[in-house]
Amino acid sequence: MIAPAQTILTNFDLLPKELRYQVLIEIFRRHNITYEEVIAAAGVQDVPDLDGDLSPTGKELFRISMEMEDDPDSLMTTDEIHAEIARRRGAARP
Amino acid sequence: MPNKVLTYVDSNILIFAVSQKNEELKLKALRMIGDKRREFLASEFLRMETLPYAIHGKRKKEIAFLEYFFAHHVTRWVQDERVLFVPATKLIETYNLQLVDALHLATAMEHQADFVTGEKPTKPFHQAYSRCLWITDK
């Protein structure tokens, strides 16, 4: 399945920390697999530093956001998000 | 471990973390929200401005995220929102903020918390409070 992903993860330590999240997201997205499956494919217990800065509840929020399927038509651009918040606050965004 | 930084997030940050199309921004929001060096403060205004809308829209992922955030991730709640009315009023008088903006900002200020928003630093509440942080792609 994830030969390219596995190659990336084999060299994961070489990636700048900032890029690691983005690499994993891309793997999640392209292969429709879970964090645990990525970790298993990499043959490691955990991805170094990926979770290092996250609290236990922060990890769970990360998992929910990245692993659950997006609700239909739920993704928004920044401008759309600001417009939606403005709508909730009863004001049209200028 | 040193004391955690008390943090209050604007509603847009919670939406960034779950529904932002731009993955870089989504990850920035998730990393900030999940940062183990921070603890999170919430008010009923923040909850009301997010969770009921997700429920109304039947957005399962957003509901799961927000329910978990408020039930498990938030460690401090505003005990009585009425204490926010005076400082929020002063913010409106001084900076012409929108009502809910003023209530959110007053929450952070009254609790000496970082206020994290997706609004640009040109917005007036950045002038009103030195501990405003922003997550933006611009």
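Colleague: Which helix of chain B is His126(B) found in?
Modeller: Keep in mind that we're looking at a predicted model here. Helix 8 of chain B covers residues 124–128. His126(B) sits in that stretch, so the element you want is helix 8.

Colleague: Is His126(B) buried or exposed?
Modeller: Start with its relative accessible area, which is 13%. The cut-off for buried is under 20%. That value falls under the cut-off, so His126(B) counts as buried.

Colleague: And which residues is His126(B) in contact with, leaving aside its neighbours within four places in sequence?
Modeller: Okay, here's the list, with those neighbours left out. Some contacts are Thr117(B), Glu119(B), Lys120(B) and Pro121(B). The list also includes Cys132(B), Leu133(B) and Trp134(B).

Colleague: Let's move to strand 1 of chain B. How many of its residues are buried?
Modeller: This strand spans residues 5–9, which makes 5 residues. It is largely enclosed by the rest of the structure, because the buried ones number 4 of the 5.

Colleague: How many bridges join strand 1 of chain B to strand 2 of chain B, and which residue stands opposite Val5(B)?
Modeller: Strand 2 takes in residues 38–42, and the two strands run parallel. The count of bridges joining them is 3. Opposite Val5(B), in strand 2 of chain B, stands Arg38(B).

Colleague: What is the bridge partner of Tyr8(B) in strand 4 of chain B?
Modeller: Strand 4 of chain B is residues 114–117, and it runs parallel to strand 1, with 3 bridges joining the two. Within strand 4, the partner of Tyr8(B) is Phe115(B).

Colleague: Now for the two chains together. What area is buried between chain B and chain A?
Modeller: The contact takes 44 residues from chain B and 37 residues from chain A. Carbon and sulfur atoms give 57% of the buried area. The total comes to about 3600 Å².

Colleague: Which three residues supply more of the area that chain B buries against chain A than any other three?
Modeller: We're after the trio that gives 20% of what chain B buries against chain A. No other three residues supply as much. They are Leu27(B), Arg31(B) and Lys61(B).

Colleague: How many salt bridges are there between chain B and chain A?
Modeller: One to look at joins the side chains of Glu49(B) and Arg89(A), at 2.5 Å from N to O. A salt bridge needs those atoms within 4 Å, so this pair qualifies. The full count between the chains is 4.

Terms used. Residues numbered from 1 in each chain as written. Chains lettered and ligands numbered in written order. Predicted model: local features only at pLDDT ≥ 70, side-chain atom pairs only at ≥ 80, totals over all residues. Heavy atoms only, no water. Contact = heavy atoms within 4.5 Å. Buried area = accessible area lost by both parts, 1.4 Å probe. Buried < 20%, exposed > 50% of the residue type's maximum accessible area, 1.4 Å probe, protein only. Pairing = 2+ DSSP bridges.
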